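Work through the exercises below with the structure open. Try each task before reading its solution.

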Amino acid sequence: MMMTVTMMMTERSFRQRLFFLLLSLCVLKGDCRYIEDNDVLKDEFYSFFNSEPRRETPQELIMYRRALRCVDMVSVEGRFTFTAEHPQLSCAAFFMAEPDEVVSVEYDSVDIDCQAGDFITVFDGWVMKGEKFPSSQDHPLSLRERYVDYCDPATSSRRSVRSSQNVAMIFFRVHNAGSGFTVTYRKLANPFPCNVISQSPEGTFTMVSPQQYRNCSFSIVYPVEVDISEFSTLGFRGNFPKWPTSGCASDSEDMVQLLGGNGLDTSKMVPLTELCSSSAGLSHVKVGCDNTVVRMVSSGRYVNKVSFSYRLLDSQELQRLRVNNVEDFCLAN
């Protein structure tokens, strides 16, 4: 019973935190060129999470169904329908799966007027305040390839879009009352998670890069303490011969970074430490930032693995960071 209460409190905290993040949509710019203003009220947003799933009959596919709001966050698989009651010119829906899953968005039906300026665009990742997750440095696709526009003749034939990580989003604009669309959201297994936004402020995780030239980030949108317990590199002939160290050589291609910042884009965050190879007891750091990231940089020549745990900092720990820690750059902003 106590565990259930704790999980409910953690889930509510996460939703409240994302509420404030989602309110920042009104100042999106740059790559979020479609988003302008949103008139969603705080009470309306919290109501997104209060509705109970409605189950269909056993003869049908058991699927959660509900209306999609102009600004929404979706973490439950199901079928979601948006119908405009009046012109909705700047809407976005954020989809989130578990760390070891990816997002699949499938169009069931669409009734919009592309010629009149309506659109539905799926973005592979999240964008807030003009910052992207994953950053362009960490994503396998080019920025242009990450946008799939329903009204674009080049991509209009795609009725299903799959993300590269556990988050994705839809930008949409509908001018005519009564018009809209229905999408089905599914979660698909991902054997090698790379680039994750955590739903929880506490947990453990292991990222493995199977000889791929790419960077993988695990983002925790809380002030947390991170304990990196293992970072190993394995080649065809055994372990990569490097002594454990914090602070890597300038020519190092395989490493783990611990980053802190108040945005989503890892390329704009402050590096706290770098680790080049180890087996245990690598790093134990408290970070008082809105976003804490464990980032694994891989050259593609080795199988890299990083294991870590993290927990939420309490108010007293945050206060001590504010007073004593020279790395308290996030709390000062």
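**Exercise 1.** Which residues does Asn176 touch, leaving out those up to four places away in sequence?

*Solution.* The model is predicted. Start with the contacts. Asn176 touches Ala84 and Asp113. Next, place the residue. Asn176 sits in the loop between strand E11 (167-174) and strand E12 (180-189). Then check accessibility. Asn176 has 38% relative accessibility and counts as partly exposed. Last, take a distance. The C-alpha atoms of Asn176 and Asp111 are 9.9 Å apart in space, while the two residues are 65 apart in sequence.

**Exercise 2.** Find the salt-bridge partner of Arg295, and state which parts of the chain the pair ties together.

*Solution.* Begin with the atoms. Arg295 pairs with Asp138, and the closest N and O atoms are 2.8 Å apart. That is inside the cut-off of 4 Å, so the pair is a salt bridge. Now locate both ends. Arg295 belongs to strand E21 (residues 291-297), and Asp138 to the loop between strand E8 (131-133) and strand E9 (147-149), so the bridge ties together parts that are 157 residues apart in sequence. Are the two ends buried or exposed? Arg295 is buried at 8% relative accessibility. Asp138 is buried at 2%.

**Exercise 3.** Describe the salt bridge of Lys305 and Glu230.

*Solution.* The N to O distance is 3.9 Å. With a limit of 4 Å, the pair still counts as a salt bridge. Lys305 is in strand E22 (residues 303-312) and Glu230 in strand E16 (residues 224-235), so the pair ties together parts 75 residues apart in sequence. Now the accessibility. Lys305 is partly exposed, at 30%. Glu230 is also partly exposed, at 23%.

**Exercise 4.** Which residues are joined into one network by salt bridges that share partners?

*Solution.* Take the bridge between Arg311 and Glu317, with the closest N and O atoms 2.5 Å apart. Arg311 is partly exposed at 29%. Glu317 is buried at 7%. Shared partners join Glu225, Lys286, Arg311 and Glu317 into one network. For the whole model, the salt-bridge count is 8.

**Exercise 5.** How many disulfides does a search of the whole structure find? Characterise each by its S-S torsion, its location and its burial.

*Solution.* The search finds 3 disulfides.

- Step 1: Cys70 and Cys91. Their sulfur atoms are 2.1 Å apart. The torsion about the S-S bond is about -95°, so this disulfide is left-handed. Cys70 lies in the loop between strand E1 (64-67) and strand E2 (71-74), and Cys91 in strand E4 (residues 88-96), 21 residues apart. Both cysteines are buried.
- Step 2: Cys114 and Cys151. The S to S distance is 2.0 Å. At -70°, the link is left-handed. Cys114 is in the loop between strand E5 (101-111) and strand E6 (119-123), and Cys151 in the loop between E9 and strand E10 (160-162), 37 residues apart. Cys114 is partly exposed at 29%. Cys151 is partly exposed at 22%.
- Step 3: Cys194 and Cys216. The S to S distance is 2.0 Å. The torsion is -105°, and the link is left-handed. Cys194 lies in the loop between E12 and strand E13 (196-197) and Cys216 in strand E15 (residues 215-220), so the pair ties together parts 22 residues apart in sequence. Cys194 and Cys216 are both buried.

Note on methods:
Residues are numbered from 1 along each chain as its sequence is written. This is a predicted model: local features need pLDDT of at least 70, side-chain atom pairs count only at pLDDT 80 or more; totals for chains, interfaces and linings use all residues. Side-chain values use heavy atoms; hydrogens and water are left out. A salt bridge is a side-chain nitrogen of Lys or Arg within 4 Å of a carboxyl oxygen of Asp or Glu. Helices (H or I, at least four residues) and strands (E, at least two) are DSSP runs, numbered from the N terminus. Buried means under 20% relative accessible area, exposed over 50%, partly exposed in between (1.4 Å probe, protein chains only). Contact means heavy atoms within 4.5 Å. A disulfide is a pair of cysteine sulfur atoms within 2.5 Å.
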